[in-house]
Amino acid sequence: MQLKNDLLIRAAKGETVERTPVWLMRQAGRILPEYRAVRNSVSGFIELAQTPELAAEVTIQPVDLLGVDAAIIFSDILVIPEAMGLPYEMVEKRGPWFPNVVSSAADLLKLRIADGVDDLSYVIEAIKITKKALNGRVPLIGFAGAPWTIFAYMIEGSGSKTFSKARAMLYTEPELSHQLLQMITDSTINYLKAQIAAGVNLIQLFDSWAGILPPNHYDEFSLKYISQICDAIDEVPKTVFAKGAFFAREQMGKLNCETIGLDWNMGIAESRRMIGEHKTLQGNLDPAALYGTPKEVEAATILMLDQFKDSRHIANLGHGVYPDINPEMVKVFIETVKNYNN
């Protein structure tokens, strides 16, 4: 299907664009009353994500309501461990929780490599419904969690400030760690290829807990596996977003992907020097800037855009939009990007 708005694809590939494309991480979510209405119609997040028609509806909401240049399929990075045989629950106000965790070689034997199609059929169906409903208006982004981030949850059993159990495993059981990371990587490749076959136009890897590893461990236990995924996916443009991995920007510039996402702590000029001119950079407004007045949001957005000027760029936040931010301020951000130098 021919895209009516292909700005994001062209920007990712480094082609000429009339203006900077813009979308937001977590744009399909709690900032929108329309999302909350759909969410309240079911038992919670997991049921919403596993109901393809509803997942498609909330995926499309930001395109209609905010005017973004892309949709991102409504799902969760933790569908991969569930598909591998390690189910999770979403506890209100606490986040994900795994009743069982991986702590030994025996636990690995209980897991399987997910095929991405049958194991995650509800996501694949949601992508097909979304693609049909979008009718080529904007690209659809697919995504997965990077292997280290998924590993961290599978070992720890929940979110954590330190992920000390997961990090300890890298020191005490490196071989076991690599075995599990490879299983996650193989499952993720299968899953992303299934998303692409169903119609997504780009994919993004989220390494949410990149920043808690020391550089040598990040090389060995994260980048190595991200690189495998990037090399395996050649059908669509790829974005890697590794939050807090400021120490790995030079190595990330060597990944086989088109776009590197920057968090809000990463200096733009410094990142460009370290990553190089051959990649598109995505980001990286501080999400907290959207708590400001319209004039303040506009000024912060222009300051960011000025620093990316005349280089390959996709406008976004430096992390997901916070749930209590006023959608009107999100619209100011989006409109400021769209009107920049036009």
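Q: Which unit do E8, helix H14 and E9 make?
A: In this predicted model, strand E8, helix H14 (residues 294-308) and strand E9 together make a β-α-β unit, and the unit is right-handed. The two strands run parallel, and 5 bridges join E8 (residues 280-285) to E9. Two positions help to place the pairing by eye: Gly283 has Ala315 in E9 as its bridge partner, while Leu285 stands opposite Leu317 in E9.

Q: In what order do the 7 strands of the open sheet lie?
A: The order is E1-E4-E5-E6-E7-E8-E9, with parallel pairing. The edges are formed by strand E1 (71-72) and strand E9 (313-317), each of which pairs on one side only. Helix H11 (residues 215-232) packs on the sheet, where it touches strand E5 (202-207) and strand E6 (238-242), and the direction of H11 makes about 170° with that of E5.

Q: Are the residues on the two faces of E9 buried or exposed?
A: Here the cut-off matters, as a residue counts as buried under 20% relative accessible area. Both faces of E9 are covered, with His313, Ala315 and Leu317 buried on one side and Ile314 and Asn316 buried on the other. Since 5 of the 5 residues of E9 are buried, this strand is largely enclosed by the rest of the structure.

Q: Why are the buried residues of H9 on the same side of the helix?
A: The general idea is that an α-helix has 3.6 residues a turn, so residues three or four places apart point the same way. In helix H9 (residues 164-172), the residues Ala166, Met169 and Leu170 are buried. They cover an arc of only 100° around the axis, and therefore lie on the same side of H9. On the other side of H9, by contrast, Lys165, Tyr171 and Thr172 are exposed. The cover over the buried residues of H9 includes helix H8 (147-156), helix H10 (174-198) and H11.

Q: How many aromatic pairs does a search of the whole structure find?
A: A pair of aromatic rings is described by the distance of the centres and the angle of the planes. The search of the whole structure finds 11 aromatic pairs. In one of them, the rings of Phe45 and Phe74 have centres 5.4 Å apart and planes at 55°, so this pair is tilted. The pair links distant parts of the chain, 29 residues apart, with Phe45 in helix H3 (residues 45-49) and Phe74 in the loop between E1 and helix H5 (79-84). Phe45 and Phe74 are both buried, and they form one aromatic cluster with Tyr35.

Q: Where do Tyr291 and Tyr322 lie?
A: Tyr291 lies in the loop between E8 and H14, and Tyr322 in the loop between E9 and helix H15 (327-339), so their pair ties together parts that are 31 residues apart in sequence. This aromatic pair is stacked, at 6.3 Å centre to centre with 25° between the planes. Tyr291 is partly exposed, with a relative accessible area of 45%, and Tyr322 is also partly exposed, with a relative accessible area of 21%.

Q: With which residues is Leu108 in contact, leaving aside its neighbours within four places in sequence?
A: Leu108, which has its place in helix H6 (residues 105-108), is in contact with Val102, Leu176, Gln179, Leu180 and Met183 once those neighbours are left aside. Leu108 counts as buried, at 8% relative accessibility.

Conventions
Residues numbered from 1 in each chain as written. Predicted model: local features only at pLDDT ≥ 70, side-chain atom pairs only at ≥ 80, totals over all residues. Heavy atoms only, no water. Pairing = 2+ DSSP bridges. Helix = DSSP H or I, 4+ residues; strand = E, 2+ residues; numbered from the N terminus. Contact = heavy atoms within 4.5 Å. Axes fitted to C-alpha atoms, helices over the stretch in contact; angles between N-to-C directions. Buried < 20%, exposed > 50% of the residue type's maximum accessible area, 1.4 Å probe, protein only. Right-handed = clockwise from strand over helix to strand, strands pointing away. Arc of directions from axis to C-beta. Phe/Tyr/Trp six-rings, centres within 6.5 Å; stacked < 30°, edge-to-face > 60°.
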